[in-house]
Amino acid sequence: MADSTPEQSSTPPLPRAFLDFLEENGIDPSIYVKGDAIPRYIRLKPGCENLVPEIETELGCELERVDWLPGFYAVPPHIKIASSEAYKSGKIYGMDAASGAAVLALDVSEGDHVLDLCAAPGAKLCMLSDLLGNSGSLTGVDVSRDRLAACRTMLRKYTLGDHCRLFIADGTSFSLLPLRPSVNVKSCVINGAGVASIFGEWTSKRSYKDRKNAVKLKNSIGSQLALVTSEPELFFYGKNSGVVGLQRSELFFVADNAEASNFGYDKVLVDAECTHDGSVKHIQKFEYWGWKTLDHRVLDAKRTNSLLHLQLQLLTNGFRLLKAGGTLVYSTCSLTFAQNEDVVEQFLKENHSAELQGVDAAKNWPCRSGRIPHTLRFDPNTSQTSGLFVAKFIKVAT
């Protein structure tokens, strides 16, 4: 892991208010001139390694293996992959190396039950599914229907959805556990009657009868169910996700803390919503959007305070759903202390069963330590990646 201070270079023409924001957070403004020099990263679908020469010919460039991150390759930043046959046929997908490191920090093992609490747009979800292979289960949650639709598209394109469930839900209150055979299921009862709807295999096409029944169900019990249980919407599920053959009451039961500690997820990823100031390419877009837009999206105090509250809630709920002995990774693509170390410190004060853990693999990663021991920071100067903060927790049995 790199310990050196990031090199200094010329300051880009950024607004004074943003420069003050960077100074307050100890961020080197020179990273924002690195956008055109940072490589683009792609992940190769496992089993396609022998196709590297073919993909290189198609893209017209060399795929440079990322030695510290298995399955990842760097290509020049101007290379467009979306029109390539390798991309269209599901052999490669774009994903920043720092994001891949956050997933790798979870140390996913065969048979794990994994929760991605902020799953969209789906690259991390695909990598998690790749790591699980044909074992365990993967649950993806996002509050946005459109963004979760992108996740579903990626999973189906790369044939990675067989063991996966996707839910449209608020990650701060999502309470569904993985479908373990040993879980003591509680029936969801509305007006004294169980909802006995059986899940068949998922299909993107629904019959008129199914659509009509869905509307009737929503009108008759949907509002009550939302009020009583805050039930999420099941958006997609794979054939071997454990959903097929279940009744609604077996899927939509709300876990309490004791159940979560015993039967919760083995691994949880919370890649929380943030101001995206660590994404150099994102900040560069404000040159076209207008710097006043940046004032609202990044510098506005009210929005920032709202984000801090959201980040802490997401981290807290993700940890609540974690099995005792399980691992959670919290990450953001912000480089501010407030959205990273400050959130971590507040979370540790409120959760005595949480312990920060070092990431063993990070000894070989081009990153540096955060303000808190065991936390990691990626940035363009140090890592040749987008900016990313990573913190790894373990849930201690109490």
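## Around T327

Let's start with one pair: K267 has T327 of strand β12 as its bridge partner. Keep in mind that this is a predicted model. K267 and T327 belong to a wider match, since strand β11 (residues 265-271) pairs with β12 in the parallel sense over six bridges.

T327 also stands opposite I394 in β16. Here the strands run antiparallel, with six bridges joining β12 to strand β16 (residues 388-395). As a reminder, strands of a sheet pair through backbone hydrogen bonds, in either a parallel or an antiparallel way.

## How enclosed is β12?

Strand β12 spans residues 322-332, and eight of its 11 residues are buried, so the rest of the structure largely encloses this strand. Buried here means under 20% relative accessible area.

## The four-stranded sheet

Now to another part of the model. Four strands make an open sheet, ordered β2-β3-β1-β4, with antiparallel pairing. The edges are held by β2 (64-65) and β4 (92-94); each has a single partner strand, so one side of each lacks a neighbour in the sheet.

Inside that order, strand β1 (residues 40-44) and strand β3 (residues 72-75) run antiparallel and are joined by four bridges. If you would like a residue to look for in this pairing, try I42, which stands opposite Y73 in β3.

## A helix across the strands

Which strands does helix α5 lie across? This helix, residues 123-132, lies across β1, β3 and β4. Relative to β4, helix α5 runs at about 140°.

Technical notes: Residues are numbered from 1 along each chain as its sequence is written. This is a predicted model: local features need pLDDT of at least 70, side-chain atom pairs count only at pLDDT 80 or more; totals for chains, interfaces and linings use all residues. Side-chain values use heavy atoms; hydrogens and water are left out. Two strands pair if DSSP finds at least two bridges between them. Helices (H or I, at least four residues) and strands (E, at least two) are DSSP runs, numbered from the N terminus. Contact means heavy atoms within 4.5 Å. Axes are lines fitted to C-alpha atoms, for helices over the stretch in contact, and angles run from 0 to 180 degrees between N-to-C directions. Buried means under 20% relative accessible area, exposed over 50%, partly exposed in between (1.4 Å probe, protein chains only).
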